[in-house]
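Colleague: I should like to learn how charged side chains are read in a structure. Would you kindly take me through an example?

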Amino acid sequence: HCWVCNVSGKRLYSLLRKVDASKEHIQELFRILGERPIYQQHDKSNIVEVSLPIEYIPLYVPSNSIVYKNALRYVLNRGLTALDILRYQIGFCSEGPYANRIIVPSYDNDNKLNYFIARSFYENSTIKKYKNPTVSKDVVIFENHINWKLPIVLCEGVYDAMAIKRNAIPIAGNTINNKLMENIV
């Protein structure tokens, strides 16, 4: 963290880029440290495709299941409507690794699944609230709903973005990822 310009980050690479260090200097420093620069870690051949859990059930399909009713109650209590459920294709899982979690899929500009958020709809201190897929978070969440010609609104989570309704992009954390930064610029 720089107390002069208030710039901060978690990686040495971002600091080196800020001071316009050459790639050769950056590579030499990382060689000495025995680390790989972040820009070398994303090998296109190792990209893992994301897919919805096989247990995913859309919330817009009515059911008498108690899990369905609890999932629906949770989503409606978050201020979402039936139209939001349909628009964002919100679902849930009643079993499997994402059991008792709301599934909020995200799609890119080509309407291809690029990520999903899985949030527990039961308040329980023994399990984590969020259990997200083990794929890169370097995506623009809800990209298929964004009109880049209009002003965008950045917010923290997917429920905030859905409540805002228009051109809202959740950053799903506390930092803006590279893909989102590229699209903004």
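**Reading the charged pairs**

Modeller: Let us begin with Arg119 and Glu123, whose side chains form a salt bridge with an N to O distance of 3.6 Å. Please bear in mind that this is a predicted model.

Colleague: Why can such side chains pair at all?

Modeller: In general, side chains of opposite charge can pair when their charged atoms come close. In this structure, the distance of 3.6 Å between Arg119 and Glu123 qualifies because the cut-off for a salt bridge is 4 Å.

Colleague: Are Arg119 and Glu123 buried or exposed?

Modeller: Arg119 is buried, at 6% relative accessibility, whereas Glu123 is exposed, at 62%. The reading rests on two cut-offs: buried is under 20% and exposed is over 50%.

Colleague: How many salt bridges does the structure hold?

Modeller: The structure holds 3 salt bridges. One of them joins the side chains of Lys112 and Glu49, at 3.2 Å from N to O. Lys112 belongs to the loop between strand S3 (101-107) and strand S4 (113-120), and Glu49 to the loop between helix H3 (38-41) and strand S1 (57-58), so this pair ties together parts that are 63 residues apart in sequence.

Colleague: How accessible are Lys112 and Glu49?

Modeller: Lys112 is partly exposed, with a relative accessibility of 42%. Glu49 is exposed, with a relative accessible area of 56%.

Colleague: Which residue meets Asp84 in a salt bridge?

Modeller: The partner of Asp84 is Lys165, and their side chains meet at 2.8 Å, N to O. This pair, too, links distant parts of the chain: Asp84 is in helix H5 (residues 82-87), Lys165 is in the loop between helix H6 (158-164) and strand S6 (168-170), and the two are 81 residues apart. Asp84 is buried, with a relative accessible area of 4%, while Lys165 is partly exposed, with 36%.

**A charged residue without a salt bridge**

Colleague: How should one read a buried charged residue that has no salt bridge, such as Arg101?

Modeller: One may look first for the nearest side chain of opposite charge, and then for other polar atoms. Arg101, which is placed in strand S3, has Glu123 as its nearest side chain of opposite charge, 10 Å away. A polar atom of the Arg101 side chain does, however, lie 3.0 Å from the backbone oxygen of Lys129.

Colleague: Which residues does Arg101 touch?

Modeller: Leaving aside residues up to four places away in sequence, the residues that Arg101 touches include Gly91, Phe92, Cys93, Arg119, Phe121, Lys129 and Tyr130. Arg119, from the salt bridge with Glu123, is thus listed here as a contact of Arg101.

**Cysteines and the whole chain**

Colleague: Cys93 appears among those contacts. How many disulfides does the structure hold?

Modeller: The structure holds 0 disulfides. Cys93 is buried, at 0% relative accessibility, and Cys155 is buried as well, with a relative accessible area of 10%.

Colleague: What is the overall make-up of the chain?

Modeller: The chain has 7 helices and 6 strands, which follow the pattern α-α-α-β-α-α-β-β-β-β-α-β-α along the sequence. Of its 185 residues, 35% are buried. The exposed area is about 12,100 Å², and carbon and sulfur atoms supply 53% of that area.

Colleague: What share of the contacts comes from residues 24 or more positions apart?

Modeller: Such residues account for 50% of the contacts with a separation of 6 or more.

Notes: Residues numbered from 1 in each chain as written. Predicted model: local features only at pLDDT ≥ 70, side-chain atom pairs only at ≥ 80, totals over all residues. Heavy atoms only, no water. Helix = DSSP H or I, 4+ residues; strand = E, 2+ residues; numbered from the N terminus. Buried < 20%, exposed > 50% of the residue type's maximum accessible area, 1.4 Å probe, protein only. Lys, Arg positive; Asp, Glu negative; His and termini not counted. Polar contact = N/O pair within 3.5 Å; in protein donor to acceptor, adjacent residues only side chain to side chain. Contact = heavy atoms within 4.5 Å. Areas by Shrake-Rupley, 256 points an atom, 1.4 Å probe, with all protein chains shown as cover. Disulfide = S-S within 2.5 Å.
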